[in-house]
Amino acid sequence: MDRFKRIPISEQDPEVRNHNFEEVCLGYTEEEAIAEAKRCLQCKKPLCRGNCPVSIDIPRFIGKIAEGNFAEAAQVLAEYSALPAVCGRVCPQEEQCEMKCVLGNKGDAVSIGKLERFAADWARENNIEVGKAKESNGHKVAVIGSGPAGITCAGELAKEGYDVTIFEALHEAGGVLVYGIPEFRLPKETVVKHEIENLKKLGVKIETNVIVGRTITIDEIMEKEGFEAVFIGSGAGLPKFMGIPGENLNGVFSANEFLTRNNLMKAFKEDYDTPIKVGKKVAVVGGGNVAMDAARTAKRLGAEVYIVYRRTEAELPARVEEVHHAKEEGIIFELLTNPVEILGNEDGWVRGIKCVRMQLGEPDASGRRRPEVIEGSEFEFEVDTVIMSLGTSPNPLISSTTKGLEINNKKCIVADEHGQTSREGVFAGGDAVTGAATVILAMGAGKEAAAAIDRYIKEKDK
Amino acid sequence: MFKIVEKEILAPNIFSMDILAPRVAASAKPGQFVIVIADETGERVPLTICDYDAEKGTVQIVVQSMGSSTKKMAVYEKGDSFKDFVGPLGVPSEFVNEDLEELKKKKILFVAGGVGTAPVYPQVKWLHERGVKVDVIMGAKTKDLVILEDKLRSVADNLYVATDDGSYGFHGLVTNYIEELVNNQGKEYDVCIAIGPMIMMKFVALTTKKLNIKTIVSLNPIMVDGTGMCGACRVTVGNETKFACVDGPEFDGHLVDFDEALKRQGQYKTEEVKKDHKHHENCVFNGGAK
């Protein structure tokens with residue numbers, strides 16, 4: 001065996017999978033997982049661990065897999081993460097743990113993410129119980145939002161014996177895991193539902209259809225319903241648009257709308273009532289993971305799909321793996337291209353987009369080279385659907401209805417590194433604080449806030 | 001699950017239901033709406049609130065069965081339950097936060113069209129309970145489709161009924177009635193609040209613009225989540241894009257781009273027909289298999 005070479009993982013054939021919504025990656029078999037785990041050098045000072053937002057003891061769980069002790073590997077993961085089956089699938093490992101893997105200096109880093117996923121899936125499929133709640137301590141804590149931050153915070157507090165209720169605005173728990181990330185990257189019925197069930201097993205109550213800021217307010221939660229602390233993990237759900245002419249034409253959608261219809265409302269299934277419109281030729285504007293998700297979803301619904309992005313491939317914010325998968329599936333990349341107007345027909349439907357070509361200039365504040373318009377490069381591009389995937393910002397419903405809750409100029413809730421906001425007893429974390437980021441960072445924030453809430457309540461109790 | 005504790009047929013294909021939803025009932029205010037999902041495969045359907053009772057914990061909705069989802073709801077009876085019921089959504093009517101004494105000085109006209117009569121009722125009721133007198137014009141295609149007349153009459157200072165075909169009350173459109181009241185009967189109004197089909201609101205706004213009466217309309221565009229996430233409900237108001245679900249549903253009727261809003265409302269028509277058609281095929285198939 002070549003220690004510097006990754007054990008390849010099996011995937012659905014691109015020409016098959018771009019017609020279905022089944023998961024792309026099929027995961028390691030037991031033998032493959034053991035072989036891959038044996039590549040780990042078990043570093044005394046593991047650099048991978050230091051680059052994990054929740055500091056998972058990576059060598060220890062991989063060591064257990066190498067020994068064939070999968071249940072114990074899952075136990076190790078559970079000590080640090082409430083969502084290993086999710087993170088193993090959607091974490092940007094190449095920028096985190098795997099980036100620091102020593103093997104990466106000479107060859108392939110250990111497939112930490114794929115091994116994490118393997119251990120978590122194995123535990124689920126073999127009904128291994130992980131994590132137990134301490135005896136109830138009688139203290140009530142409310143968690144707003146059931147996405148990665150909320151799930152993690154609720155899980156951590158429940159394990160400590162808190163009486164936790166999650167308030168979720170949508171009709172299903174999971175947040176971005178159910179409305180945003182598509183089935184072919186993160187199966188809902190198996191993986192996500194299981195994580196939610198695990199939370200319930202820890203005693204966490206989940207009340208769906210409760211919009212904090214409309215159905216109830218934070219003040220009511222604390223004063224009338226007796227919750228001693230609140231964690232806000234309401235995410236960043238508001239879509240951005242470009243502000244160019246023609247954006248309200250029929251056939252222009254936010255990626256959020258398109259993905260919510262497909263993922264949460266299951267529009268791709270014939271027996272579900274929610275309609276989805278995909279058209280024949282689709283331009284997805286943007287280059288992040290959400291843009292890739294929207295493009296690959298549109299492809300699966302039968303369209304010819306273009307990614308329109310104003311910088312080059314090197315600057316694409318999406319994960320390399322997602323870009324690679326998208327290309328394999330036949331998504332066409334129109335790089336260094338930026339829309340300036342969406343063109344409509346007389347009935348108000350999209351008939352095309354007017355774009356300009358770009359070139360890269362000097363680096364901007366983000367360190368990436370700034371795209372500049374090439375004079376006279378304007379051209380028209382015929383499409384019948386445009387999906388805007390330009391990022392999202394936090395929803396002001398909570399901040400605008402909670403007195404004394406400080407927000408910054410990006411409408412993000414202001415919180416310190418432990419999640420403490422400007423209001424006593426109110427904590428926040430995840431995208432609601434940082435703006436749109438990753439699942440694992442939100443989980444890290446949820447975990448940190450859970451510890452802070454625990455300290456706060458114990459201190460108050462003295 | 002959200003139990004249907006009462007159901008009443010108001011007119012052909014129009015029914016009201018009282019839903020047990022204590023949290024919504026406790027926080028609902030005039031001008032707000034709800035989203036209902038009938039069952040596992042159902043859509044999120046935005047519906048207007050016709051009444052609410054915080055003590056009983058019930059919210060009354062009025063539904064006209066038109067598309068596949070509302071037809072699905074029509075089959076539900078008292079004692080059945082809807083899978084999901086969420087709200088109240090949207091911003092309450094502007095007058096809810098106005099100074100009551102100032103409000104009492106204002107001459108307010110409500111214009112209700114078709115099932116738009118339902119969301120007008122809680123607004124008029126709220127004002128009536130606070131001693132604010134208002135006039136109401138309610139319009140329907142024909143006599144059979146006039147709904148909630150007694151309820152409205154009990155809270156309106158003057159109630160004017162119009163039917164398109166003249167089978168009941170004033171013969172003509174609500175816009176004709178507005179002109180009749182203002183031009184021929186010497187009525188004066190400071191504010192008009194119009195709720196009904198998009199096309200009606202468009203023409204009410206055009207009429208009141210001529211008559212120089214400030215006008216509020218309540219928009220009912222396509223939406224998915226109703227919390228600001230999807231942006232399907234984008235509407236141009238005074239050259240700015242607004243989300244009807246969180247910035248509205250009520251806007252200045254003289255600033256709304258109704259032509260765009262009307263086009264946007266039809267965005268999913270072909271897809272809905274396809275889905276509806278599939279349902280029928282499935283039903284026929286299952287029926288045959290049994």
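A polar contact is a pair of N or O atoms within 3.5 Å; within protein, one of them must be able to donate a hydrogen and the other to accept it, and residues adjacent in sequence count only if both atoms are side-chain atoms. Keep that handy for the exercises below, and remember that you're looking at a predicted model.

**Exercise 1. Work out how domain 1 and domain 3 of chain B meet.**

Step 1: Find the domains. The domain assignment splits chain B into domain 1 (2-89), domain 2 (94-214) and domain 3 (219-290).

Step 2: Count who takes part. Domain 1 of chain B brings nine residues to the contact, and domain 3 of chain B brings ten residues.

Step 3: Look at the area. Between them, these two domains bury about 790 Å², with 57% of it on carbon and sulfur atoms. On the domain 1 side, Phe33(B), Arg44(B) and Ser68(B) supply 46% of the area buried against domain 3, more than any other three residues.

Step 4: Check the polar side. Using the definition at the top, you get two residue pairs in polar contact between domain 1 and domain 3 of chain B, both residues of a pair being at pLDDT 80 or more. Salt bridges between these domains? The count is zero.

Step 5: Place the contact on the fold. Strand S3 (33-37) and helix H2 (68-74) of chain B are the elements that give two or more residues to the side of domain 1 that touches domain 3.

**Exercise 2. Describe the interface of chain B and chain A.**

Step 1: Start with the residues. You'll find 48 residues of chain B in contact with 47 residues of chain A.

Step 2: Add the area. About 3900 Å² is buried between the two chains, and carbon and sulfur atoms give 50% of that.

Step 3: Go for the charges. A salt bridge needs a side-chain nitrogen of Lys or Arg within 4 Å of a carboxyl oxygen of Asp or Glu. Take Lys72(B) and Asp273(A): their closest N and O atoms are 2.6 Å apart, and they form a salt bridge. Across the whole interface there are three salt bridges.

Step 4: List the elements. Among those of chain B that each supply at least two residues to the side touching chain A are H2, strand S7 (84-89) and helix H10 (269-289).

Step 5: Finish with polar contacts. Chain B and chain A have 24 residue pairs in polar contact, again with both residues at pLDDT 80 or more.

**Exercise 3. Trace the five-stranded open sheet of chain A.**

Step 1: Write the order. It goes S6-S14-S7-S8-S9 (chain A), and the pairing is parallel.

Step 2: Spot the edges. Strand S6 (252-254) and strand S9 (332-334) of chain A each pair on one side only. On average, neighbouring strands here are turned by 25 degrees against each other, direction ignored.

Step 3: Zoom in on one pair. Strand S7 (residues 281-285) and strand S8 (residues 304-308) of chain A pair over five bridges, and Val284(A) stands opposite Ile307(A) in S8(A).

Step 4: Add the helices. Helix H13 (residues 255-264) of chain A packs on the sheet, touching S6 and strand S14 (385-388), at about 75 degrees to S6(A). Helix H14 (residues 289-300) of chain A lies across S7, S8, S9 and S14, and runs at about 165 degrees to S8(A).

Notes
Residues are numbered from 1 along each chain as its sequence is written. Chains are lettered from A and ligands numbered from 1 in the order in which they are written. This is a predicted model: local features need pLDDT of at least 70, side-chain atom pairs count only at pLDDT 80 or more; totals for chains, interfaces and linings use all residues. Side-chain values use heavy atoms; hydrogens and water are left out. Two strands pair if DSSP finds at least two bridges between them. Helices (H or I, at least four residues) and strands (E, at least two) are DSSP runs, numbered from the N terminus. Axes are lines fitted to C-alpha atoms, for helices over the stretch in contact, and angles run from 0 to 180 degrees between N-to-C directions. Contact means heavy atoms within 4.5 Å. Domain bounds come from an automatic or database domain assignment. Buried area is the accessible area (1.4 Å probe) that two parts lose on being put together, summed over both.
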